[in-house]
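Reader: Could you walk me through reading a few features of a model, one at a time?
Author: Sure, let's put it up and go from there.

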Amino acid sequence: MSSKKSKTNPCPICKAKTQKDSNPNFPFCSERCKLIDLGAWLGGDYKIPNKPGLDFDELEEN
Ligand SMILES: [Zn+2]
């Protein structure tokens, strides 16, 4: 019988193996990597493209 319960994943930031069961920061290995990822978002590395020209005022013409 296999007793492999804990899932192991590489951290998306530093690729260190991290376990889901014992890690509140999963899928990150640590809070540090979690913050790095968050910083990347805030720093604009993953810019979400917004749609220019979409104006709700214009959609609701009477
Ligand atoms: Zn990491």
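**Reading strand E1 and the loops**

Author: Let's start with contacts. Leaving out residues up to four places away in sequence, Thr8 touches Lys17, Thr18 and Gln19. Keep in mind that this is a predicted model.

Reader: Where does Thr8 sit in the secondary structure?
Author: Thr8 belongs to strand E1, residues 8-10. For the wider picture, the protein has 2 helices and 2 strands, and the pattern along the sequence reads β-β-α-α.

Reader: Is Thr8 buried or exposed?
Author: The idea is to count C-beta neighbours inside 10 Å, with 12 or fewer meaning exposed. Thr8 has 11, so it counts as exposed. Across the protein, 6% of the 62 residues count as buried.

Reader: What should I look for in the backbone geometry?
Author: Look for exceptions: most residues other than glycine have a negative phi, and most peptide bonds are trans. Lys15 is not a glycine, yet it has a positive phi of about 65 degrees. Lys15 lies in the loop between E1 and E2, and it counts as exposed because it has 11 C-beta neighbours inside 10 Å.

Reader: Which peptide bond is cis?
Author: The one from Phe26 to Pro27, with omega near 10 degrees. Pro27 is placed in the loop between strand E2 (17-19) and helix H1 (31-43).

Reader: And how do I read contact range along the chain?
Author: Take the contacts between residues at least 6 apart in sequence, then ask what share spans further: here 5% join residues at least 24 apart.

Note on methods
Residues are numbered from 1 along each chain as its sequence is written. This is a predicted model: local features need pLDDT of at least 70, side-chain atom pairs count only at pLDDT 80 or more; totals for chains, interfaces and linings use all residues. Helices (H or I, at least four residues) and strands (E, at least two) are DSSP runs, numbered from the N terminus. A residue is buried if 20 or more other C-beta atoms lie within 10 Å of its own, exposed if 12 or fewer, and partly exposed in between; C-beta atoms are placed from the backbone. Two residues are in contact if their C-beta atoms, placed from the backbone, lie within 7 Å.
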